[in-house]
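I opened this entry to keep track of what I looked up in one chain. The notes follow the order in which I went through it.

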Amino acid sequence: MRNRISLFIVLFWIPSVNGQIGMDSIRLNDIRIVASHNSYKKKPHPKVLKFLSKFQDKLGEQNNPKFIDYGHLTFEEQFTDYGIRGVELDVNYDPKGGHYRRRRVNLFIFGQKQRVKNRSMKKPGFKLLHISDVDFETNYLTLIDGLQAIKDWSQKHTNHIPIFINIEAKGSHPADESKTLRNLGFKKCIPFDTIAYQKLESEILAVFSPNDIYKPSDFKAGYASISERVQDIGWPFLSECRGKVIFILEGNNQYLYRSFNQPLMFYYGEPNDVNTAFLLRNHSQGIESSISEQSAKFIIRTRSDAGTVQSRDNDFSMWNSALKSNAQIISTDYYKAEKRWSGYKVGFNNVFKKRD
């Protein structure tokens, strides 16, 4: 099975012709990148974490406040200083505006404000946040804010490796599971329907032009399906999509989006779907050989850490498994070490400031 080429090798070790890196010989599924997980997210306020920890026995281990005690740098810093080429955006549907304007957990915490004053939170549109009313701190309040930050960087580095944008359509928040929380004013998630996905595409196109996006139709290149193209001429070459962004959808009611005639986004599917290009295998341990075999036909996303556990334990076993699996997109919260706990961080040593 072919070994993947890290971004560092792509940029610096492939022979160049007339000053151009030999991208015509590298296919998109032959590179490997590090992506950030919940990439927009900031750390919760310490008072919020302290409050939640008091109720740990009632929240259950699955909702341990320790699991959300992480945050990320701006996209500019992630891309430029740490070589990140994949981001994940949790997209919350807010068709009327104002649905996510309050942060209800702050009702119980002295000195913490419930209401977000930014006007964009009053307007209709998709909001970026992890867990409504609980884990809401973000570098970018709205989807458009986040996409604009990605585009701004892309325009400054026009020959960059494509940026993979993982869109998770959120379908649940704590209030969906608890009537008590709903009575306290916690907000339920608004589910995605066909209109929501149409609006999602509209917001994407409000920032990126169609030419900025490498789309499923570009991949098919006139073939009836993605698998037919792969079987006949293989994956596209990297040269076809440099400087572009690639959207991949997962989450709530995504089956509705799969029926779109000319979608902007790929989706995470299964191998028996003729239009699947991307597979989601978040936990590679124990199935490395299977993922490696599938990586010849698909791009596979996995994770190197989750819920702060690996950072707290300085545990590289998930990272090593991800490397062994040949998955092309490895998602992490720790391209930069969290020194409160350990020196745990992962990456391909591909910090290349101003070299794209």
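The entries below go from the whole chain to helix packing and then to single residues.

**Entry 1. Whole chain**

I noted at the outset that this is a predicted model. I counted 14 helices and twelve strands in the chain. I then looked up burial and found that 53% of the 356 residues are buried. For the accessible surface I have about 16,300 Å², with 49% of that area belonging to carbon and sulfur atoms. I also checked how far apart in sequence the contacting residues lie. Among contacts between residues at least 6 apart in sequence, 73% join residues at least 24 apart.

**Entry 2. Confidence**

I looked up the pLDDT before going into detail. The chain averages 90, and 89% of the residues score at least 70. Over residues 7-21 the pLDDT is below 50, although this stretch has 32 contacts in the model beyond near neighbours in sequence. Residues 350-356 also stay under 50, and for them I find 22 contacts beyond four places in sequence. Where pLDDT is low, the predicted coordinates should not be read in detail. I have therefore left the contacts of both stretches as counts and not gone through them one by one.

**Entry 3. Helix α4**

I took helix α4, residues 75-82, and listed its buried residues: Phe75, Gln78, Phe79 and Thr80. What do the buried residues of α4 pack against? I find three strands and a helix there, namely β4 (31-36), β5 (86-92), β7 (163-169) and α5. After α4 comes Gly83, and I noted its positive phi, near 65 degrees.

**Entry 4. α4 against α5**

Two packed helices are described by the angle between their axes and the distance between the axes. For α4 and α5 I have axes that come within 9 Å and cross at roughly 35 degrees. On the α4 side I listed Phe75, Glu76, Phe79 and Thr80, which meet Gly146, Ala149, Ile150, Trp153 and Lys156 of α5. By class, I get five nonpolar, two polar and two charged residues in this contact. Phe75, Phe79 and Thr80 were on my list of buried α4 residues as well.

**Entry 5. α5 against α8**

I then followed α5 (residues 143-156) to α8 (residues 194-207), where the axes come within 9 Å and cross at roughly 35 degrees. I noted this crossing as right-handed. Leu143, Ile144, Leu147, Gln148 and Lys151 of α5 meet Leu200, Glu203, Ile204, Ala206 and Val207 of α8. The classes here are seven nonpolar, one polar and two charged residues.

**Entry 6. Ile33**

I went back to strand β4, where Ile33 lies. Is Ile33 buried or exposed? I count Ile33 as buried, because its relative accessible area is 0%. Its contacts, leaving aside neighbours within four places in sequence, are Arg85, Gly86, Phe164, Gln328, Ile329, Ile330 and Phe348. I looked up Arg85 in particular: the C-alpha atoms of Ile33 and Arg85 are separated by 6.2 Å, with the two positions 52 residues apart along the chain.

**Entry 7. Two loop glycines**

Gly234 sits in the loop between α10 (226-233) and β8 (245-251). I have Gly234 as buried, because its relative accessible area of 15% is under 20%. Not counting residues up to four places away in sequence, Gly234 touches Arg27 and Arg229. Gly234 and Lys297 are 63 residues apart in sequence, and I find 8.3 Å from C-alpha to C-alpha.

Gly307 is in the loop between β11 (299-303) and α13 (309-313). At 16% relative accessibility I count Gly307 as buried too. Beyond four places in sequence, Gly307 is in contact with Lys66 and Phe67. I also looked up Asp69, 238 residues from Gly307 along the chain, and the C-alpha separation is 8.0 Å.

**Entry 8. Positive phi outside glycine**

Which phi does Asp133 have? I find a positive value near 70 degrees, in a residue other than glycine. Asp133 is in the loop between β6 (127-128) and α5, and at 2% relative accessibility counts as buried. Ala221 likewise has a positive phi, near 50 degrees. I place Ala221 in the loop between α9 (216-220) and α10.

How values were computed
Residues numbered from 1 in each chain as written. Predicted model: local features only at pLDDT ≥ 70, side-chain atom pairs only at ≥ 80, totals over all residues. Heavy atoms only, no water. Axes fitted to C-alpha atoms, helices over the stretch in contact; angles between N-to-C directions. Helix = DSSP H or I, 4+ residues; strand = E, 2+ residues; numbered from the N terminus. Left-handed = near helix turned anticlockwise from the far one by under 90°. Contact = heavy atoms within 4.5 Å. Nonpolar A, V, L, I, M, F, W, Y, C, P; charged D, E, K, R; others polar. Buried < 20%, exposed > 50% of the residue type's maximum accessible area, 1.4 Å probe, protein only. Areas by Shrake-Rupley, 256 points an atom, 1.4 Å probe, with all protein chains shown as cover. pLDDT = per-residue confidence, 0-100.
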